[in-house]
Amino acid sequence: MHDRKVTPDMVPVIKLARIKKIPYSWISGYYAGLNFGRIADVMKGRMFSDIPAAKQLPPDFPAT
């Protein structure tokens, strides 16, 4: 399986989802093929550190 690349439009959603303590598995399910390591890279500021978190999650994002 090929890892999905993180794009700038994904970053605000990833950041807000993690702020809301949404599990990595739900995020990688929403962005099919996204590796947990890429989510961690975003959250640790190794990728796209200048992009802020979204104000709200997309309506189709998995809810708790």
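Reader: Why does aspartate 41 count as buried or exposed?

Author: Its relative accessibility is 14%. Buried means under 20% relative accessible area, exposed means over 50%, and partly exposed lies in between (1.4 Å probe, protein chains only). Aspartate 41 therefore counts as buried. The model is predicted: local features need pLDDT of at least 70, side-chain atom pairs count only at pLDDT 80 or more, and totals for chains, interfaces and linings use all residues. Residues are numbered from 1 along each chain as its sequence is written, and side-chain values use heavy atoms, with hydrogens and water left out.

Reader: What makes the contact of aspartate 41 and arginine 38 a salt bridge?

Author: A salt bridge needs a side-chain nitrogen of Lys or Arg within 4 Å of a carboxyl oxygen of Asp or Glu. Here the N to O distance is 3.1 Å. So the pair qualifies.

Reader: How are the two residues placed in helix 3?

Author: Aspartate 41 and arginine 38 are 3 residues apart in helix 3 (residues 36-43), so about one helical turn separates them. Helices are DSSP runs (H or I, at least four residues), numbered from the N terminus.

Reader: Why is arginine 38 called partly exposed?

Author: Its value is 26%. That lies between the two cut-offs, so arginine 38 is partly exposed.

Reader: What joins Arg38, Asp41 and Arg46 into one network?

Author: Arginine 46 also forms a salt bridge with aspartate 41, with closest N and O atoms 2.9 Å apart. Salt bridges that share partners join the three residues.

Reader: Is arginine 46 buried or exposed?

Author: Exposed, because its relative accessible area is 54%.
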